[in-house]
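Visitor: Please take me through one part of this model at close range. Keep it brisk, and tell me what each term means as you use it.

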Amino acid sequence: MPGKRAVTTPPLRIALVGFGKIAHDQHMPAIAENPDCTLAAVVDPSATEDVGVPVFASLADLLASDCVVDAVAICTPPQVRRTLAQEAIAAGKHVLLEKPPCAVLSEVATLEEMAHESGVCLFAAWHSRFSAGVGPAKEWLAGREIRSVAIDWREDVRVWHPGQHWIWKAGGFGVFDPGINALSIATEILPRPLCVSGGLLQFPENCETPIAGSVTLEDSAGVPISLTLNFLQTGPQTWDITVETDGGRLVLSEGGSVLTTPEGTHRAPDREYAAIYARFAEVVSAGRSEVDVAPLRLVADAFMRCRFERVAPFHE
Ligand code: NAP
């Protein structure tokens with residue numbers, strides 16, 4: 001029997017759980033500018049910064065305190081997400097999950113069931129889907145014949161993820177940490193479901209997750225999709241999706257923020273996290289959950305369907 005939905009009136013009092021790079025750089029400012037949300041607490045065993053709200057070393061400490069929160073935004077590495085989310089749901093809190101929603105699919109299913117039973121909202125945020133070019137790209141592609149798709153996601157892990165050792169541990173995704181963003185966009189803008197058909201993933205000798213990959217996919221109509229991932233890209237960084245259609249070529253570049261079609265190029269400022277909190281507030285006030293596992297399923301399938309190769313060790 002599903003639980004009664006928790007009634008929450010704005011502003012939503014939110015605790016940021018995991019106060020690392022993304023929570024600090026994006027979540028905190030996005031909460032600050034949204035009148036329907038307010039930052040009520042921070043939870044992180046190593047947080048030292050004074051951010052004007054109570055800081056707790058663990059979620060258990062927050063939940064045992066008299067600090068009142070309606071929701072938690074979980075911004076930790078993926079390996080510890082599920083237990084934290086379960087703790088929050090059991091305490092009747094709404095939950096926003098940073099991407100990827102969990103380390104594996106079964107964990108997401110567990111959380112969905114728990115949230116339903118407990119009457120709280122579970123929101124799996126795919127930030128790249130809120131990038132400025134994604135909605136217009138989806139609209140432009142609708143009704144066109146798609147002939148092929150090339151996804152090229154290459155970045156320098158030393159620049160973007162310094163000191164993030166969790167990325168190289170099982171459940172940390174390796175190069176799929178950025179690569180899943182590309183798949184979150186592809187599964188949003190392409191009209192049909194995608195399947196992984198094969199490929200190669202390269203694992204450094206000293207790491208548990210891949211550093212590069214070349215994955216082939218196709219959609220349900222047989223349209224070929226290539227996914228090239230590399231974590232050792234120096235110089236210009238590449239986050240591009242190129243779609244060949246009967247109406248010409250669409251290129252979504254810079255992670256989804258720049259859209260180029262035969263009609264011209266459109267660029268807009270980054271509002272991804274502002275849009276995430278607007279949606280979270282909306283989802284909570286509507287009393288529903290929003291969880292799409294399609295990008296995570298494709299990553300899981302790539303791990304099951306691709307060949308593995310050991311390559312030179314990685315040292316930061
Ligand atoms: P990060 O800088 O390593 O931050 C993670 C934080 O979580 C660290 O401060 C860590 O503390 C803390 N933490 C670990 N276990 C915890 C627990 N049980 N309770 C509370 N806090 C805990 O990583 P990040 O770059 O912010 O990434 C976090 C997540 O956001 C990842 O899933 C990533 O894919 C996603 N994301 C990152 C970016 C980006 O640009 N960085 C962009 C979008 C999404 P310790 O260091 O002490 O372990």
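Guide: What follows is a walk across one sheet, its pairings and the helices beside it.

The model is predicted, so local features need pLDDT of at least 70 and side-chain atom pairs count only at pLDDT 80 or more, while totals for chains, interfaces and linings use all residues. Residues are numbered from 1 along each chain as its sequence is written, and side-chain values use heavy atoms, with hydrogens and water left out.

Start with the sheet. It is open and has nine strands, in the order β14-β13-β12-β11-β7-β10-β9-β8-β15. Its pairing is mixed. β14 (264-267) and β15 (307-311) are the edge strands, each pairing on one side only. From one strand to the next, the twist averages 10 degrees. Some terms first. Strands (E, at least two residues) and helices (H or I, at least four) are DSSP runs, numbered from the N terminus. Two strands pair if DSSP finds at least two bridges between them. Angles run from 0 to 180 degrees between N-to-C directions, and axes are lines fitted to C-alpha atoms, for helices over the stretch in contact.

Now look at β10 (residues 224-230). In a regular strand the side chains alternate between the two faces of the sheet. In β10, I225, L227 and L229 point to one face and are buried. P224, S226, T228 and N230 point to the other face and are not buried. Buried means under 20% relative accessible area, exposed means over 50%, and partly exposed lies in between (1.4 Å probe, protein chains only).

β10 pairs with β7 and with β9. β7 and β10 run parallel and are joined by six bridges. β9 and β10 are antiparallel, with seven bridges. T228 appears in both pairings: D152 has T228 as its bridge partner, and so does S214. β9 and β10 form a hairpin with four residues between the strands. There, G222 takes a positive phi near 85 degrees.

Stay with β7, the strand that holds R147. R147 has a relative accessible area of 46%, so it is partly exposed. Leaving aside neighbours within four places in sequence, R147 is in contact with V223, P224, E244, T245 and D246. Contact means heavy atoms within 4.5 Å. R147 and G248 are 101 residues apart along the chain, yet their C-alpha atoms are separated by 10.0 Å.

E145 sits in the loop between α5 and β7. It counts as partly exposed because its relative accessibility is 43%. With neighbours within four places set aside again, E145 is in contact with E244, T245 and D246. E145 and G235 are 90 residues apart in sequence and 35 Å apart in space, C-alpha to C-alpha.

Two helices lie against the sheet. α5 (residues 134-141) lies across β7 (146-154), β11 (238-245), β12 (248-253) and β13 (258-261). It runs at about 165 degrees to β12. α9 also packs on the sheet, touching β8, β9 (212-219) and β15. The direction of α9 makes about 65 degrees with that of β8.

β8 (residues 194-204) pairs with the edge strand β15 in the parallel sense, over five bridges. Within that pairing, F203 has R310 of β15 as its bridge partner.

α9 (residues 294-305) also meets another helix, α7 (residues 176-189). Their axes come within 8 Å and cross at roughly 125 degrees. α7 and α9 are therefore oblique to each other. The cut-offs are these: under 35 degrees is roughly parallel, over 145 roughly antiparallel, 65 to 115 roughly perpendicular, and the rest oblique. α7 passes α9 in a right-handed crossing. Right-handed means the near helix is turned clockwise from the far one by less than a right angle, and left-handed means anticlockwise.

Which residues touch? From α7 come F176, I180, L183, S184 and T187. They meet A294, P295, L296, L298, V299, A302 and F303 of α9. By class, the contact has 10 nonpolar, two polar and no charged residues. Here Ala, Val, Leu, Ile, Met, Phe, Trp, Tyr, Cys and Pro count as nonpolar, Asp, Glu, Lys and Arg as charged, and the others, Gly among them, as polar.
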